[in-house]
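Student: I would like a close look at a single part of this protein. Could you take me through the core and the helices around it, step by step?

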Amino acid sequence: MSLVNTTDATEEDLEVLRSQLGRVPRGVVGIAARCVCGRPTVVATAPRLPDGTPFPTTYYLTHPAAVKGASTLEAEHVMETLNEDLAADEELRAAYARAHEAYIQARLTLGEVPEISGVSAGGMPTRVKCLHALVGHSLAAGPGVNPIGDRALAMLDERGLFSTSRCSC
């Protein structure tokens, strides 16, 4: 089984991931999104790590500029505004709920882990908790799947923190 848009991780990819993360990556099943230069931006991770630990974050953001950008948005309390938007907009809530379901369905292609059944990432489906996870999902799934991740990506681009159209490796 495999995730849509995910490519196999090469030895070079794994070395880049080691450098990006500062550690050996665990449970890598592939690369879910890449920088325009070809380096990993999002790693796809198994729902159960090799040591047996359940791991709900299927799409793990690794690109240093994207990680730093998401951290910057979180430090600026952007999540509060996004949570307010979510509370006020029924269509946004419905789209975010669909993103939650899409995330779970994608992870199920890698196997079922009862301990994390029904759990996605980033606070979905009811709140915005982790922009790193939501940006990772948007990058992996493509535009239009995760509306909050898409909004965060647009903010990163507008602020010059990270863009999918230029390399910042």
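Tutor: Start in the middle. This is a predicted model. Its largest nonpolar core has 35 residues. Those with the most contacts inside this core are Val 42, Tyr 59, Val 128, Leu 131, Leu 139 and Ile 148. Find these six in the view before going on.

Next, see where the core comes from. Several elements give two or more residues to it. The strands among them are β1 (28-34), β2 (40-45) and β3 (59-61). The helices are α2 (64-75), α3 (78-88), α4, α5 (131-141) and α6. The largest share comes from α5, with 6 residues.

Stay with α5. This helix is mostly covered, as 10 of its 11 residues are buried. Walk along the buried ones: Leu 131, His 132, Ala 133, Leu 134 and Val 135 come at the start of the list. Gly 136, His 137, Ser 138, Leu 139 and Ala 140 complete the list. Just after α5 sits Gly 142, with a positive phi of about 95°.

Now pick one residue of the core, Tyr 59. Leave out residues up to four places away in sequence. Tyr 59 then touches Leu 3, Ala 32, Val 42 and Val 43, among others. Its contacts also include Tyr 103 and Ala 106. Ala 133, Gly 136, His 137 and Ala 140 are touched as well. Those four also appear among the buried residues of α5. Val 42 is, like Tyr 59, one of the residues with the most contacts inside the core.

Move on to the helix pairs. Two packed helices are described by the angle between their axes and the distance between the axes. Take α4 (residues 90-108) and α6 (residues 147-158). They pack at an angle of about 100°, and their axes are 8 Å apart. Angles of 65 to 115 degrees count as roughly perpendicular. So α4 and α6 are roughly perpendicular to each other. On the α4 side, Leu 92, Ala 95, Tyr 96 and Ala 99 make the contact. On the α6 side, Pro 147, Ile 148 and Arg 151 do. By class, that gives 6 nonpolar residues, no polar ones and 1 charged. Ile 148 is a residue you have met already, in the core.

Helix α6 has another partner, α2. The axes of α2 and α6 come within 10 Å and cross at roughly 100°. That makes α2 roughly perpendicular to α6. Gly 69, Ala 70 and Leu 73 in α2 meet Ala 152, Met 155 and Leu 156 in α6. Here the classes are 5 nonpolar, 1 polar and no charged residues.

Now turn to α1 (residues 11-21). Its buried residues are Asp 13, Leu 14, Val 16, Leu 17 and Gln 20. They cover an arc of only 160° around the axis, so they sit on the same side of α1. What covers them includes β1, β2 and α2. On the other side, Glu 11, Glu 12 and Ser 19 are exposed.

Look at Ser 19 for a moment. Its relative accessibility is 60%, so it counts as exposed. The C-alpha atoms of Ser 19 and Pro 64 are separated by 9.7 Å. Along the chain, these two residues are 45 residues apart. After α1 comes Gly 22, whose phi is positive, near 75°.

Finish with the loops. Most residues other than glycine have a negative phi, and most peptide bonds are trans. His 77 is a residue other than glycine, yet its phi is positive, near 65°. His 77 lies in the loop between α2 and α3. Its relative accessibility is 47%, so it counts as partly exposed.

The loop between α4 and α5 holds Pro 125. The peptide bond from Met 124 to Pro 125 is cis, with omega near 5°. Thr 126 is in the loop between α4 and α5 too. Thr 126 is exposed, with a relative accessible area of 63%. Leaving aside neighbours within four places in sequence, Thr 126 is in contact with Leu 86 and Tyr 96. Tyr 96 also takes part in the contact of α4 with α6. As for Met 155, its C-alpha atom is separated by 21 Å from that of Thr 126, with their positions 29 residues apart along the chain counted as the spacing.

Terms used
Residues are numbered from 1 along each chain as its sequence is written. This is a predicted model: local features need pLDDT of at least 70, side-chain atom pairs count only at pLDDT 80 or more; totals for chains, interfaces and linings use all residues. Side-chain values use heavy atoms; hydrogens and water are left out. Axes are lines fitted to C-alpha atoms, for helices over the stretch in contact, and angles run from 0 to 180 degrees between N-to-C directions. Angles under 35 degrees count as roughly parallel, over 145 as roughly antiparallel, 65 to 115 as roughly perpendicular and the rest as oblique. Contact means heavy atoms within 4.5 Å. Ala, Val, Leu, Ile, Met, Phe, Trp, Tyr, Cys and Pro count as nonpolar, Asp, Glu, Lys and Arg as charged, and the others, Gly among them, as polar. A nonpolar core is a set of buried Ala, Val, Leu, Ile, Met, Phe, Trp, Tyr and Cys residues joined through side-chain atoms within 4.5 Å. Buried means under 20% relative accessible area, exposed over 50%, partly exposed in between (1.4 Å probe, protein chains only). The arc is that of the directions from the helix axis to the C-beta atoms.
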